[in-house]
Each structure stands twice: as C-alpha cells, then as structure tokens.
Amino acid sequence: MTETVEAARLTKKGRATKERIVNAAADLIFEYGVAGTSIEDVRRAAGVSGSQMAHYFHDKRHLVIDVVGHQADVVVRLHRQPEMGRLDSFADLRHWADLHVQRQIERGCTGGCDFGSLAGELVESDGDTRRQLASGFDRWEGVLREGLQAMYDRGDLRPEADPGKLATTLLATLQGGLLLTQTKRDPAPLATALDSTLTYIESFASTPVSPGATPPTSAAAASVDSEPGGRCERDG
C-alpha cells in the first residue's frame, strides 16, 4: 500500500482535488518525463497549494505511483470504448491495430505509448513502482486475452491456439512497434509489426480467413513511401 491518502477516506471534494493533481502530473510527465517534472510544476499546473500537495502526496515517488495507476486506468478505459469493438474477432483486432497506427500519425509519431514510456523510464526505480507498472501491463494484456479467449471458446481459433500467449505476443508487438515508430518518426514499423502478428494470429483461424476480409493493417501507413502524407514529419 502506498502512503498516499486512501481514496476511501477522502471527501468528494478531496477525491476531485487528488484526481486533478494526478491528471496534471500525468500530462506533464508525458510531455517532459518524470525527471523533467517537479512537484512544484505539478502544484502550479493543478492549481493547488503546497499544503494540499503535501496532504495528498508525501513525496514525488508516491505521486508517480498514482500516475502509473491512472495511466493504466486510461488504457483499460480506452480499450472498453465502443469504437474498439469487443476485440473478439479478427476484424476487431485489425481495427484496433489501425486505431493505434492512426493515432501515431496524428501525433506526428511523437511520444510513443503513454504507459510504455512510463515503464521505460521507471521500471528500475523501485519495487513498488515496478509492481504498479507490471499490474498495468497485466490489465492491458487481460483485455486482449479476454477477446482472444472469446474467439477460442466460440471455435474461431483452433484448439492449439493459446489465447494467453497470443495476447502477450500482441502487446509485446505493439510496444516494440511504438518505440520504433517514435524513434524513426515513421508509422511503418508499427503498421508492419502489427500486421505480421495479426497475420500469425489469423493462421490459427478454424476457418481460413478470406483474402480481403481483414485487410492489412494500415496499408497506407505501411507504404508511406508511395503515399504522400503518410510519413510523420521528421525532426528538423
């Protein structure tokens, strides 16, 4: 248990104030990183006093742990949005991949993954933070696993398919693809990686997926050299 004030002990106003602090911290950390964000920066952005900051968070470490939990909540909520579908069909998984690629294009391929970037910066900082990060990835993977398990239970996937392993592979592919896309300022690595992994998952289909039924993930992004405007702007 962290030393932050427990939500159950807070008044409605107190919960709102604490949430405002965490939201402000999450925005600043995404833009400037944990090292580049101070408690004072967060205090000013949240519009709270120094005594309020001290009341809700004893130090920066505990604030960061709450930010990790907040970002994990955001990831899970996003994956429960209607536009994501139920993630329990090959078409839904392709659509999920397309949304991730499109988001990177809209961002100019900057920032990477909100949650993954936190993990990259914090995973070796301390045990409590690492466990919070691991829990967040477990929850995210769980959403993907639920969809794949539903496909398995329905018979869409052959008996030799392992929904848990496929979910792990899909999340690992997303994280690696996002890092390459951020580094290269090019959406193609993410589109290509997701397309290859989804093609692998489709190879377990009990009934072969018809050509064209699940078009390659973000074909426009994957062929940016021939599609003007597909490539993210590069630095300089």
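Hi everyone. A quick definition before we start: pLDDT is the predictor's confidence in each residue, on a scale from 0 to 100, and a contact here means heavy atoms within 4.5 Å.

With that in hand, let's look at the tail end of the numbering. This is a predicted model, and pLDDT stays under 50 over residues 222-229. For that stretch the model has 11 contacts beyond four places in sequence. Residues 1-5 also have a pLDDT below 50, with 15 contacts beyond near neighbours in sequence. As for the chain as a whole, the average pLDDT is 88, and 88% of the residues score at least 70.

Now to the pockets, which I suspect you came for. How big is the largest pocket? Its volume is about 320 Å³. There are 19 residues in its lining, and L78, H79, M84, H100 and R103 are the closest to the centre. Helices α4 (60-79), α5 (90-106) and α6 (114-122) each give at least two lining residues, with α5 providing the largest share, 6 residues. Sorted by class, that lining has 9 nonpolar, 6 polar and 4 charged residues.

On to the second largest pocket, which holds about 190 Å³ of space. Which helix supplies the largest share of its lining? That is α7, residues 127-154, with 4 residues. The lining includes V143, E146, G147 and A150, along with H79, R80, Q81 and P82, and then G85, R86, L87 and D88. By class, this lining splits into 4 nonpolar, 4 polar and 4 charged residues.

One residue to keep an eye on while you rotate the model is H79: it is among those closest to the centre of the largest pocket, and it also lines the second largest pocket. Thanks for listening!

Technical notes:
Residues numbered from 1 in each chain as written. Predicted model: local features only at pLDDT ≥ 70, side-chain atom pairs only at ≥ 80, totals over all residues. Heavy atoms only, no water. 1 Å grid on protein atoms, 1.4 Å probe; cavity = no way out; pocket = protein on both sides within 12 Å on 5 of 7 lines; lining within 4 Å. Points joined across faces, edges and corners; volume = space filled by probe spheres on them. Nonpolar A, V, L, I, M, F, W, Y, C, P; charged D, E, K, R; others polar.
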